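Work through the following exercises with the sequence and the model side by side, and try each task before reading its solution.

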Amino acid sequence: MDGGLRRDAEFPLTRAEALDRLRDFLPRAGADYARLRNVDHGPGQHDHVSRLSAALRRRLLSESEVVAAVIARHGLRGAEKFLSEVLWRSYWKGWLEQRPAVWPGYRQALARAEAACAADPDLARRHQAAIDGRTGIDCFDHWMGELAETGYLHNWARMQFASIWVFTLGLAWELGAALTLRLLRDADPASNTLSWRWVAGLHTTGKAYLADAARIHAMTGGRFTPDGLARHAVIPEDSIAVPPATSPRAHRRPDPTEPALLLVTPEDLSLETEAAMARLDIRAIAALPPTTAPDRRAMADALDRAGAHWGLSPSECADLSGLVDLARRCGARQIVTGYLPVGPEADRLSPLRAAAGAAGIALAEHQRDWDVRVWPHCRKGFFALKEQMPRLLAGLGAADG
Ligand SMILES: Cc1cc2nc3c(=O)[nH]c(=O)nc-3n(C[C@H](O)[C@H](O)[C@H](O)COP(=O)(O)OP(=O)(O)OC[C@H]3O[C@@H](n4cnc5c(N)ncnc54)[C@H](O)[C@@H]3O)c2cc1C
């Protein structure tokens, strides 16, 4: 097996691989996960965590499927830690959805941080040394190499990495967030941007995450003994004006009485599993060209499944006008897609509503019940959501154990 195939097997990017991984990981999702999830044995040895994030992020597998399987095996209390980690994904997504201005705010702050770097040769040199894994801090340089090589870092390693980036190396969190968003196979605008802000002390006011050398030594089985880590977290000034929470964006729902073109995006790659979608009159299936290698693989799998489900041959459209043209030719009155959360995919598709509207075609988004139920609890801190966990998960059809 070459390196690419090995990585695909370790970090699933098709629905079949993800279901296999879920089955394989289930016995370890209870007490073992709670005990061992922060231990980092290094590349190829992350067996204590699920490595399902690249699949969950694209909804090759949905949060509710994973949660239901885990509860069926361990009960709600037996798998509380794992279940609450899955809720962190939904929390970040729901939080950003209700403060959408934070995403363009981050993009603008990143441009300013890049300009500051370009104007300061010493800063540029330190930034480049971090990207090249040449800082002299053993764990950081290793994690940088692992991230570049595999597209994955264990959650606990991501926290140390981000903390060292901000507090020891004194680099802007926005530059770090851009690096991980580019390299991670599970790259997600909400989890990535907001986790960096959380580590930097900008999410929970005044509360930052400071990496500790002795703890890194212990949690990595003595693989690292980092020198010179910052002893204090000097929280940077916030580069984003964070607005108060608003309601999630209003959107048009798919109409089962109107012919539709199904647009598949990396935001939801298993729409055929949704009962509401199965009722639609789908006349054609299309996608835009994926922009990353993991998206390409996951998209190919999703199009195969959707094509088989609706008995149609999916098309790749070069651009938005090709998409509208295809919708017109197949007689669609609506383009139906999965809900487009804040991030690069929604940015890319934002002109579609007007372009389709000009041709008399509506853009409709299918929102999963999970998001409808969870997002209203993501307006404050994570614990406001966690408190709701038993009620939310029981309501989603999973039995308490
Ligand atoms: C600086 C930083 C950047 C991050 N960037 C991303 C990102 O771009 N994309 C991304 O999916 N996750 C991101 N995370 C969250 C987390 O690190 C990954 O989701 C997790 O490591 C994925 O590995 P796993 O599937 O083996 O997780 P497991 O430990 O098996 O957890 C199960 C699932 O729960 C969810 N989850 C677990 N921990 C978190 C968390 N802290 N935040 C949100 N969801 C979580 C994931 O969906 C994961 O697949 C980031 C965390 C940090 C600290």
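In which helix does leucine 303 lie? Leucine 303 lies in helix α15, residues 293-310, where helices are DSSP runs of H or I with at least four residues, numbered from the N terminus. The model is a predicted one, in which local features need pLDDT of at least 70 and side-chain atom pairs count only at pLDDT 80 or more, while totals for chains, interfaces and linings use all residues. Residues are numbered from 1 along each chain as its sequence is written, and side-chain values use heavy atoms, with hydrogens and water left out.

**Exercise 1. Describe the surroundings of leucine 303**.

Begin with accessibility: leucine 303 counts as buried, at 14% relative accessibility, where buried means under 20% relative accessible area, exposed over 50% and partly exposed in between, with a 1.4 Å probe and protein chains only. Next, list the contacts (heavy atoms within 4.5 Å): apart from neighbours within four places in sequence, leucine 303 is in contact with Val264, Ile285, Ala287 and Pro314. Finally, compare sequence and space: arginine 252 is 51 residues from leucine 303 in sequence, and their C-alpha atoms are 23 Å apart.

**Exercise 2. Locate arginine 15 and identify the partner of its side chain**.

Arginine 15 belongs to helix α2, residues 15-25, and is buried, with a relative accessible area of 13%. Its side chain is joined to that of glutamate 65 by a polar contact of 2.7 Å; such a contact is a pair of N or O atoms within 3.5 Å, and within protein one must be able to donate a hydrogen and the other to accept it, while residues adjacent in sequence count only if both atoms are side-chain atoms. With neighbours within four places in sequence left aside, the residues in contact with arginine 15 include Glu65, Asp301 and Arg305.

**Exercise 3. Describe how the protein encloses the ligand**.

First, count the shell: 27 residues surround the ligand, and the closest are Tyr33, Ser50, Arg51, Arg89 and Asn155, a residue being near if one of its heavy atoms lies within 4 Å of the molecule. Second, look at the backbone: polar backbone atoms of leucine 52 and serine 53 each lie 3.0 Å from an oxygen atom of the ligand, while a polar backbone atom of aspartate 186 is 2.8 Å from a ligand nitrogen. Third, consider the area: taken alone the ligand exposes 820 Å², of which the protein buries 97%, with accessible areas from the Shrake-Rupley method and a 1.4 Å probe, and only the protein chains shown counting as cover for residues. Fourth, assign the shell to elements: α4 (53-57), α6 (80-97), α10 and α12 (189-200) give two or more residues to it, and α6 has the largest share, with 6 residues.

**Exercise 4. Examine phi at arginine 51 and arginine 59**.

As background, most residues other than glycine have a negative phi. Arginine 51, however, has a positive phi of about 55 degrees; it is placed in the loop between α3 (31-36) and α4 and is buried at 7% relative accessible area. Arginine 59 likewise has a positive phi, near 55 degrees; it is found in the loop between α4 and α5 (63-78) and counts as buried at 3% relative accessibility.
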